[in-house]
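Work through the exercises below with the sequence and the model side by side. Try each task before reading its solution.

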Amino acid sequence: MTKKSAKLSAKEVKSKQTAKMTATEVKRYLKVYRQMLFFRRFEERVHIAYTQGKFSGFCHLHIGQEAVCAGVQAALRDSDYVISAYRSHTQAIAKGIPAVQVMAEMFGKATGCCRGKGGSMHMFSAERRFFGGHGIVGGQVPLAIGMAFKINYRQEDDIVVCYLGDAAINQGQVLEALNMAAIWDLPVLFIVENNRYGMGTDIKRTTAIKHIYQRAQGFGVAAADMDGMNVRTVLKQTAAIVKRMRQDKKPYLLEALTYRYRGHSVSDPANYRPEGELQEFQQLDPLIQLRDDLLAVGVEAEQLQADVDAVKTELRVIEKQADAAELAPVAAIYEDVLVAIDGHEEH
Amino acid sequence: MTVPTQATKISIREALRQAMCEEMRRDADIFLLGEEVAEYDGAYKVSKGMLKEFGARRVVDAPISEAGFAGLGIGAAMAGLRPIIEMMTWNFGIQAFDQIINHAAKVRYMSGGQFKVPLVLRGPNGVAHMLGATHSQYIEPFLAHVPGLVVVAVSTPYDAKGLLKAAIRDDNPVIFLESEFMYGDTGEVPDAEYLLPLGKGMVVREGTDATVVAWGKMLKLVLRAADVLGDDVSLEIINPMTLQPLDTQLLVASVNKTHRLLVVEEAPAFAAIGAEIAAQIQERCFDELDAPVARVSAKHLPVPYADHLERATLPSVEEVVAAVRQLLYMDTQA
């Protein structure tokens, strides 16, 4: 064998959903459609703002992976916790941080969700239980088990969703955390967003097994994969697992098979991808799939087009607000380093 | 800081245990987690009996995964608990530096003050005896460098108890440094409850000729050196207790009185705490100094194994005595 492992083709990723939807489902998926549309357009606006020089630094877009974010969030309740890595603008919004605060944070504004101290990779909201936005690959995963430790300690029944990328699975502390989640029955739903590349390196060059989720099984953590391009699959599969987790209180690892349409960050042209791979996955585009499903059950095309127009208008307003906001004040740079210690006031 | 009259002589090990137990009785959100802390009663028996009193929910044996369980402590602290994480030694705690530096120290700042991390990471630091280089390190220079951390060093049973109680109640991540070699050291500890404030140092002995700053095992070394020097020299000995944030005011006041300063530390001198103290004192007391700030520290080496080599590497009483004599120009005065 020359190859250590093989990646799943788009064909293998594709799941089947029934043509039928109940009225409740139609209502629900119309909302999900609108949300995914918002995520897609938000990230496109962010990219343009970046190229216009409105902000700098690293900026990782989530375009192509909207179904994972929208589907998983729809399976949770408000009090559940979410923690993620650095490709998390849309996850922060999905968890309830107003999009204008997320954009303002990137622009270094006082109205940013972290007052300009976190940036694109480090969005936080204590109130919304979005525990970051973390810039070190895999670093958020031990934090997630700590959050779940608190849930058990206080005998609560929330769960923690911890997003990580496919390449994070080779980071030692991720494996340490999986083991501890298993031995202490910590209710963390690990969502591995397998978008096939750790920055520019094909996952098959760094990981000997084809199915990442199988690694969790080696730690005694139940695991499966799912079609991360179909939001109906994501929502149904996640909801079933979440329901089970609230009862058995055990961790679970779900490998979401997805695809990143853009480069690792906005400065990456993604030339390392084999020809046709992007197009192959765009055939499974989460927005197109759901739109087709909704049209098939009788939703009017005009109604969906109205969403497109509404999102466009909404985002224009958001960007204007973010643009207009005051810059984060320099006078506050010494704030928030430590909780004050007597005799050592902030400078 | 005077010790009340009602006091009992106990070891540092016992002082630390009393601090944890008293705080855990007071606050149900506090738990202890680390390698061998529960069923084995602690690698150095600091947590002896705690499993029995508090149960397996609050005294938790961890797998050998320092980065992972340091991160667990950070996440639990962000979510509202007050973890005490024991590092069997800080040499192993180096495995957790990513979690400590990239997460514990930064989550509050990066979130614009939305989160706090009330976490104590404690364990033995520095050189014990004949353990070789990987088990003989001093982490205070590394971690005192990082904005967002508090660094505390234990020197006596009295400060061990008062500082640990304060560290547990503090809302910041506190790096708490003990020593394998000092767990058995005994001293008077008040029977009544007390806390020692973080960020404040202590004058261990008042004097007029020179100020000597030392913490941990080096404080004992300095006290022995003071005995050797006898009544000829009046040393003002300061235990900074908290290394970050440092009680610079206390040091400045002392140097303005004595006009001379010696820092004795167990780490190599380069970019270590003594270098920082020397810089701050020359910035604030330049006109008051009657001699250059002096340092006694370890040689710039990985600490060797063999007893005589190890001793040759670390600061000695003789070196401290010589440094004080030099500082006071005692051997050049006719």
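The exercises go from whole chains to single residues.

This is a predicted model, in which local features need pLDDT of at least 70, side-chain atom pairs count only at pLDDT 80 or more, and totals for chains, interfaces and linings use all residues. Residues are numbered from 1 along each chain as its sequence is written, and chains are lettered from A and ligands numbered from 1 in the order in which they are written.

**Exercise 1. Describe the overall build of chain A.**

Step 1. Count the elements. Chain A has 13 helices and 7 strands. Helices (H or I, at least four residues) and strands (E, at least two) are DSSP runs, numbered from the N terminus.

Step 2. Check the compactness. The radius of gyration is taken over C-alpha atoms, and the globule rule is 2.2 Å times the number of residues to the power 0.38. For 347 residues the rule gives 20 Å, and chain A has 20 Å, so it is as compact as a globular protein of that length.

Step 3. Take the extent. The C-alpha trace of chain A spans about 65 × 50 × 45 Å along its principal axes.

Step 4. Look at burial. A residue is buried if 20 or more other C-beta atoms lie within 10 Å of its own, exposed if 12 or fewer, and partly exposed in between, with C-beta atoms placed from the backbone. Of the 347 residues in chain A, 48% are buried.

**Exercise 2. Do the same for chain B.**

Step 1. Chain B has 13 helices and 14 strands.

Step 2. A compact globule of 334 residues would have a radius of gyration near 20 Å; the 20 Å of chain B agrees.

Step 3. Its C-alpha atoms fill a box of roughly 70 × 45 × 45 Å along the principal axes. Buried residues make up 57% of the 334.

Step 4. Turn to contacts. Two residues are in contact if their C-beta atoms, placed from the backbone, lie within 7 Å. Among contacts in chain B between residues at least 6 apart in sequence, 79% join residues at least 24 apart.

**Exercise 3. Which elements of chain A build the side that touches chain B?**

Step 1. Size the interface. 37 residues of chain A contact 41 residues of chain B.

Step 2. Find the elements. α6 (140-153) and α7 (172-183) of chain A each supply at least two residues of that side. α6(A) gives the most, with 9 residues.

Step 3. Sort by class. Ala, Val, Leu, Ile, Met, Phe, Trp, Tyr, Cys and Pro count as nonpolar, Asp, Glu, Lys and Arg as charged, and the others, Gly among them, as polar. The side of chain A that touches chain B has 19 nonpolar, 11 polar and 7 charged residues.

**Exercise 4. Trace the five-stranded sheet of chain A.**

Step 1. Get the order. The strands run β1-β2-β3-β7-β6 in an open, parallel sheet. Two strands pair if DSSP finds at least two bridges between them.

Step 2. Find the edges. β1 (81-83) and β6 (222-227) of chain A each pair on one side only.

Step 3. Inspect one edge. β1(A) pairs with β2 (160-165) of chain A in the parallel sense over 3 bridges. Y81(A) stands opposite V160(A) in β2(A).

**Exercise 5. Test helix α13 of chain A for regular length, then find its packing partners.**

Step 1. α13(A) (301-324) has 24 residues. The expected span is 1.5 Å times one less than the number of residues. From first C-alpha to last, α13(A) reaches 35 Å, close to the expected 34 Å.

Step 2. Its buried residues are I318(A), E319(A) and A322(A). They pack against α2 (23-51) and α5 (99-106) of chain A.

**Exercise 6. How do the residues of β2(B) point?**

Step 1. In β2(B) (30-34), 5 of 5 residues are buried.

Step 2. I30(B), L32(B) and G34(B) point one way, while F31(B) and L33(B) point the other. In a regular strand the side chains alternate between the two faces of the sheet.

Step 3. List the neighbours. β2(B) runs parallel to β4 (82-86) of chain B, joined by 5 bridges; G34(B) has E86(B) as its bridge partner there. β2(B) also pairs with β3 (59-61) of chain B, parallel, over 3 bridges. L32(B) stands opposite V59(B) in β3(B).
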